[in-house]
Amino acid sequence: MEPQARLGELVDKLREMECRITPQRMAVLKILATSEEHLTAEQIYAQVTVDLPTTSLATVYKTLSLLEDMGEVLALTLGNGVKRYD
């Protein structure tokens, strides 16, 4: 699926669940939709804070947890015990 279409799908599903689409949440969604790698929460956080420096790591984790609960991302725990998100 094209990144822009995936992003739109994620936003639509969050709206259906009556979740707020904050700038921080949108930044996380964009990174997930466009990344070709399995990123860690810390890597996503580092990218988000370039444009939104007041974003907390907790916000990133909460967004990832919400998306995981919705079945929209998978948390992959690799051999080093670090979770990566797909």
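**Exercise 1.** Which residues are linked in a network of salt bridges? Work it out on this predicted model.

*Solution.* Start with helix H1. Arg 6 and Glu 9 pair up through their side chains, at 2.6 Å from N to O. They sit 3 residues apart in H1, so about one helical turn separates them. Now pick up Glu 72: a salt bridge joins it to Arg 6, with the closest N and O atoms 2.8 Å apart. That pair bridges distant parts of the chain, since Glu 72 is in the loop between H4 and strand E1 (75-77) while Arg 6 is in helix H1, 66 residues away. Glu 72 also forms a salt bridge with Lys 13, again with a closest N and O distance of 2.8 Å. This one ties the H4–E1 loop to helix H1 across 59 residues of sequence. Put it together and you get the network: Arg 6, Glu 9, Lys 13 and Glu 72. The salt bridge count comes to 3.

**Exercise 2.** Sort Glu 9, Lys 13 and Glu 72 into buried or partly exposed.

*Solution.* Use the cut-off: buried means under 20% relative accessible area. Glu 72, at 13%, is buried. Glu 9 comes in at 26%, so it is partly exposed. Lys 13, at 28%, is partly exposed too.

**Exercise 3.** Which helix gives the most residues to the largest nonpolar core?

*Solution.* The core has 21 residues, and Leu 67 is among those with the most contacts inside it. Helices H1, H2, H3 and H4 each chip in at least two residues. H2 gives the most, with 6. Back at Leu 67, its contacts beyond four places in sequence include Leu 10, Leu 29 and Glu 72.

Methods:
Residues are numbered from 1 along each chain as its sequence is written. This is a predicted model: local features need pLDDT of at least 70, side-chain atom pairs count only at pLDDT 80 or more; totals for chains, interfaces and linings use all residues. Side-chain values use heavy atoms; hydrogens and water are left out. A nonpolar core is a set of buried Ala, Val, Leu, Ile, Met, Phe, Trp, Tyr and Cys residues joined through side-chain atoms within 4.5 Å. Buried means under 20% relative accessible area, exposed over 50%, partly exposed in between (1.4 Å probe, protein chains only). Helices (H or I, at least four residues) and strands (E, at least two) are DSSP runs, numbered from the N terminus. Contact means heavy atoms within 4.5 Å. A salt bridge is a side-chain nitrogen of Lys or Arg within 4 Å of a carboxyl oxygen of Asp or Glu.
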